[in-house]
Amino acid sequence: MKAKFLVPLFLFLLLVGFLGFGLSLNPREVPSPLIDKPAPDFTLTRLDKPEQTLGLADMKGQVWLLNVWASWCVACRQEHPVLVALSKRKEVPLVGLNYKEVRGDGTIDMRKVAAENELPMAIERASDWLKSHGDPYDVSILDINGRVGIDFGVYGVPETFLIDKQGVIRYKHIGPITPDALRDTILPKVAALKAES
Amino acid sequence: MPWLVGTALIHSLAVTEKRGAFRSWTVLLAIAAFSLSLLGTFLVRSGVLTSVHAFATDPRRGLYILGLLVLVIGISLMLFAWRAPKLAGGGKFALVSRESVLLANNVLLSVVATSVLLGTLYPLFLDALNLGKISVGPPYFESVFLPLMIPVVLLMAMGPLLRWKGHDTGVILGKLAPCFVASVVLGFTGAWLAGTMSWRMIVGMSLAAWVLIVNIVLLVERLGERPGAAAGVRLSGIPRAWWGMWIAHVGIGVFIIGVAMVNGTQTNLDVKMRVGDTATMAGYDFELTAITDAPGPNYAAAEGTLKVTRDGKPVATLTPEKRIYLARQMPMTEASLDIGLFGDIYASMGEQIDDTTWIVRLYHKPFISWIWFGCLLMAFGGGLAAADRRYRRLAARTAPDAGARQTA
Amino acid sequence: MRRLLLACGLSLFALAAHADTAAPVAADPVLEARVMALSHKLRCLVCQNQSIAESDADLAQDLRAQVREQMTAGKNEDEIADYMVARYGDFVLYEPPMRGSTLLLWLGPMVLAVVGIGVLMVRLARRNKESAPVLDDAQRAKARALLEKDDKNGTQA
């Protein structure tokens, strides 16, 4: 048997190796290029005190989680009990980024919403939702038009960012946070980052 | 991928049949063509790639299909590795001959198929090796496919002009040089007439002209092979397989015209329209005469009526719809098409801006039917070649031999 | 007097019946063409099988608006593409970047074509150099018999 005729078989087995491994990967997941890079700066209206704002600088010196959510997001309801339980343990501050509360809701016809009404509407809807489902957030801020979301590379809701004391993004969790992910990945990282000076 | 490799296969068989040469290559192409079909099944069902073709993806199902792949393709390739050395040999032929051109095109077609496979799987390779996540889309495939297909089309047209075993280089160049010049001239003319003098347009039209001109020369030569015989005798003397090849190759020329024209000269206009408004695009006038309610069994719809005229003469009436399927409040657009021999016009409804105004999207796609027409010609040519009487004669001839062997 | 009233009436009727030429959706069609051209090269991260030009997803519309805004501000295609890659990674570009890890992807096809044709030509040249097989008398007689049987059964065209 001449060696060169074995080449097709060899190449095929190599391909099968990749395909088999590929079955365990998720091709739809988009990894964040912002890991280990400074978080984009932002200044957004607070949900609890709409006349005040919260900026990235206000969180400097702490290790904290930024959770992207909206009242129209179905998957957020899945992770909400996990977040509420987390907030009761007071291990890590949780900031909620309310994302496109009004214009992201497919049932609202934006042509009927006056521009100046969008913020009050968002505040009302978000507050009502937190009141009925529980508020796990130390503070919630409103990203009405989704621009801050784009800066963070948000492409779906919910997503959660782990940001360290210097304001650098260290980890991004895509999708609802499960108790396993919290226990095995996120909380250990929080502990490690807190230990950093 | 399977049709690229399949095309290489049927042409490789011509060389193997004539010269008994390159048989192991032909066998490998046959294995590859079927393997790529199986691979396609795996790719769309396993969830390994994000694809518009993927449906009902399930990694567990993917594992079963992968197992099937390993079984079928693995055994085929093992057989190949074991028996292919015995397939060596075969007759000789010159570097400038029909066989060489066929084989060169085989190499090129196989490279194109490999490139498509490479582009499709590369994101998976990088992701598996933790080298990042990339997308490979139309810009890549176009930049690889088009440059490689140009020599394929060039060789395809001239292949039948070359003799088996060997052809005088000077003679063939002498025949092809005027064809080449004429093609380039026609290419420039075609692009100029179409109104788009881009390089893509010129190359596309020149290639199409090359295919058509060389095929005409080929037909004239073939008909001239029996001097003195009547036209009918000459025509019927040409076997179906030859006609099949001729029609299929002409089909490729027609296909290229379609692609070049659509890509080079299509137009699109998005306008805000109220009932009574007119829009003009590509020499056609579109008047929105009405917007009516056209509910269906499971949807509500707004249907626009557009009267299309050209220089005042009516051309068509288009009725695009904007539907909302009630179950999930999902909006869908139903475009309205006017299909013509030299171009399609189509219109679709965009969003409703206010109570009386809608966004209407208008498209003009010249020569797009030629893409389908070219493919029909290729299919017809293939069918004609398969119907060649020589296959039945060969079967009849080997049958009595088989019978004799059995009784002996 | 009656004629004047008639003329006024007719002209009013003409005004009411006057239909406008539809206005294009985009305020600036030239800019819009550039926006769409770039949008066709950016992948929608939600649908993932459409560019942001084709996709109806919310995020696609937001990103299109971003492209339009930045182009109006004077940024060119490369700068806007870099902006998108900085936030979403290479995944958002339909054209894979030219990098060490993608060298095989970009150069592979051309290299393969050149090597393939080269190998073919070498193999053909080598074949032609081989001398023809020599038959002994018994083999030659057998070959002649087989060919004569073929001739009797009728040759093909």
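These legends walk you through several close-up views of a predicted model.

**View 1. Chain B as a whole.**
Let us start with the overall picture of chain B, which has eleven helices and ten strands. Its C-alpha atoms fill a box of roughly 85 × 65 × 50 Å along the principal axes. Of the 408 residues in chain B, 36% are buried. If you look at contacts between residues at least 6 apart in the sequence of chain B, 62% of them join residues at least 24 apart.

**View 2. Two helices of chain B side by side.**
Here you see helix 7 (residues 199-223) and helix 9 (residues 240-265) of chain B, with axes that come within 9 Å and cross at roughly 160°. Because of that angle, helix 7 of chain B is roughly antiparallel to helix 9 of chain B. The crossing of helix 7 and helix 9 of chain B is left-handed. On the helix 7 side, the residues making the contact include Met201(B), Met205(B), Leu212(B) and Leu219(B). On the helix 9 side, look for Trp246(B), His249(B), Ile256(B) and Asn263(B), among others. Sorted by class, the contact between helix 7 and helix 9 of chain B has 15 nonpolar, six polar and one charged residues.

**View 3. A hairpin in chain B.**
Strand 6 (residues 321-325) and strand 7 (residues 330-334) of chain B run antiparallel and are joined by five bridges. To find your way around, pick out Lys322(B), which stands opposite Thr333(B) in strand 7 of chain B. Four residues lie between the two strands of this hairpin, and Gln329(B) takes a positive phi near 55°.

**View 4. A sheet built by chains B and C.**
Follow the strands across this open sheet in the order 8(B)-9(B)-10(B)-1(B)-1(C); there are five of them, and the pairing is antiparallel. Strand 8 (336-340) of chain B and strand 1 of chain C each have a single partner strand, so one side of each is left without a neighbour in the sheet. At the chain B edge, strand 8 of chain B runs antiparallel to strand 9 (residues 343-352) of chain B, and five bridges join them. One pair to look for is Ile339(B) with its bridge partner Asp344(B) in strand 9 of chain B. Where the chains meet, strand 1 (residues 267-273) of chain B and strand 1 of chain C pair in the antiparallel sense over two bridges. There, Val271(B) stands opposite Pro24(C) in strand 1 of chain C.

**View 5. Where chain C meets chain B.**
Stepping back from the sheet, you can see 37 residues of chain C in contact with 43 residues of chain B. Strand 1 (23-24) and helix 5 (103-129) of chain C each supply at least two residues of the side that touches chain B. Helix 5 of chain C gives the most to this side, with 13 residues. By class, the side of chain C that touches chain B has 20 nonpolar, eleven polar and six charged residues.

**View 6. Where chain C meets chain A.**
In this last view, twelve residues of chain C are in contact with eleven residues of chain A. Helix 3 (58-72) and helix 4 (77-88) of chain C each supply at least two residues of the side of chain C that touches chain A. Helix 3 of chain C gives the most to this side, with four residues. The residues on the side of chain C that touches chain A divide into six nonpolar, three polar and three charged.

Definitions and conventions
Residues numbered from 1 in each chain as written. Chains lettered and ligands numbered in written order. Predicted model: local features only at pLDDT ≥ 70, side-chain atom pairs only at ≥ 80, totals over all residues. Buried ≥ 20, exposed ≤ 12 C-beta atoms within 10 Å, placed from the backbone. Contact = placed C-beta atoms within 7 Å. Nonpolar A, V, L, I, M, F, W, Y, C, P; charged D, E, K, R; others polar. Pairing = 2+ DSSP bridges. Axes fitted to C-alpha atoms, helices over the stretch in contact; angles between N-to-C directions. Parallel < 35°, antiparallel > 145°, perpendicular 65-115°, else oblique. Left-handed = near helix turned anticlockwise from the far one by under 90°.
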